[in-house]
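Here is a short report for someone meeting this structure for the first time. Take a look at the sequence and the model before reading on.

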Amino acid sequence: MKSRPSAGGLVYSTDAGRMCPVCCKPVAPCNCKRMANASPSSDGIVRVSRETKSRGGKTVTIVRGLPLAMDALDKMARQLKAACGTGGTVKDGVVEVQGDHCDKVMALLQAQGYKVKRAGG
C-alpha cells in the first residue's frame, strides 16, 4: 500500500478547503505561497488550443505557456474573457476561456507582443 504523499497527497479537505500540494497545509496559511507567485518556466511560445474533453461536450479555449506570475495571469485572463464576452478561469497556470475563441485570443495576445502558436488540430 502506498503512503499518501507518494500517491499524490491530499488535495481538498471539507474542513480547510483546498490544500497545498507541497506542504499539505490549507492554501490560505500555506508557507509555499511564494512559489505560486513565481513565474513558471516557459519556452517563450504561448500555445492556444481548443478542447472539449471531460467537459460534457462544451468547447473551451486553452491558453498555455504565458510567462506571467499568478496575479498577472489572473489579470490577463480577465482581459481575454472580457474581449471574448464570455466566462472562464485560471487553473494550474493555464487560462481557460469558455467557447471557441482561438482566433480572437491569438490576435489579442499577438497585439500584446507574445509569440503565439495554434496547438492541436
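## Two helices that cross

Is the crossing of α2 and α3 left-handed or right-handed? It is right-handed. Keep in mind that this is a predicted model.

Helix α2 covers residues 70-84. Helix α3 covers residues 102-111. Their axes come within 10 Å and cross at roughly 130 degrees. That angle makes α2 oblique to α3, because it falls neither over 145 degrees nor in the range 65 to 115.

From α2, the residues M76, L80, A83 and C84 take part in the contact. They meet K104, V105, L108 and L109 of α3. Sorted by type, the residues of this contact are seven nonpolar, no polar and one charged.

## L80, a buried residue of α2

L80 sits in helix α2. Is L80 buried or exposed? It has a relative accessible area of 2%, so it counts as buried, the cut-off being under 20%.

Which residues does L80 touch, leaving aside its neighbours within four places in sequence? The contacts are V63, V95, V97, V105, L108 and L109. Of these, V105, L108 and L109 belong to the α3 side of the helix contact. V95 and V97 fall within strand β6, residues 94-98. V63 falls within strand β4, residues 60-64.

L80 can also be placed against M106, which is 26 residues away along the chain. The C-alpha atoms of the two are separated by 9.9 Å.

## Strand β6 and its partners

Strand β6 is largely enclosed by the rest of the structure, because four of its five residues are buried. It pairs with β4 in the antiparallel sense, over four bridges. Within that pairing, I62 has E96 as its bridge partner, and T61 stands opposite V97.

Strand β5, residues 88-91, also pairs with β6. This pairing is antiparallel too, again with four bridges. Here T89 stands opposite E96. So E96 has a partner in β4 as well as in β5, because I62 and T89 both face it.

β5 and β6 form a hairpin, with two residues between them. D92 lies in the turn and has a positive phi of about 50 degrees.

## Strand β4 and its other neighbour

β4 is mostly covered, with four of its five residues buried. Besides β6, β4 pairs with strand β3, residues 45-51. The β3 pairing is antiparallel and runs over five bridges. In it, E51 stands opposite V60.

Definitions and conventions. Residues numbered from 1 in each chain as written. Predicted model: local features only at pLDDT ≥ 70, side-chain atom pairs only at ≥ 80, totals over all residues. Heavy atoms only, no water. Buried < 20%, exposed > 50% of the residue type's maximum accessible area, 1.4 Å probe, protein only. Contact = heavy atoms within 4.5 Å. Pairing = 2+ DSSP bridges. Axes fitted to C-alpha atoms, helices over the stretch in contact; angles between N-to-C directions. Parallel < 35°, antiparallel > 145°, perpendicular 65-115°, else oblique. Left-handed = near helix turned anticlockwise from the far one by under 90°. Nonpolar A, V, L, I, M, F, W, Y, C, P; charged D, E, K, R; others polar.
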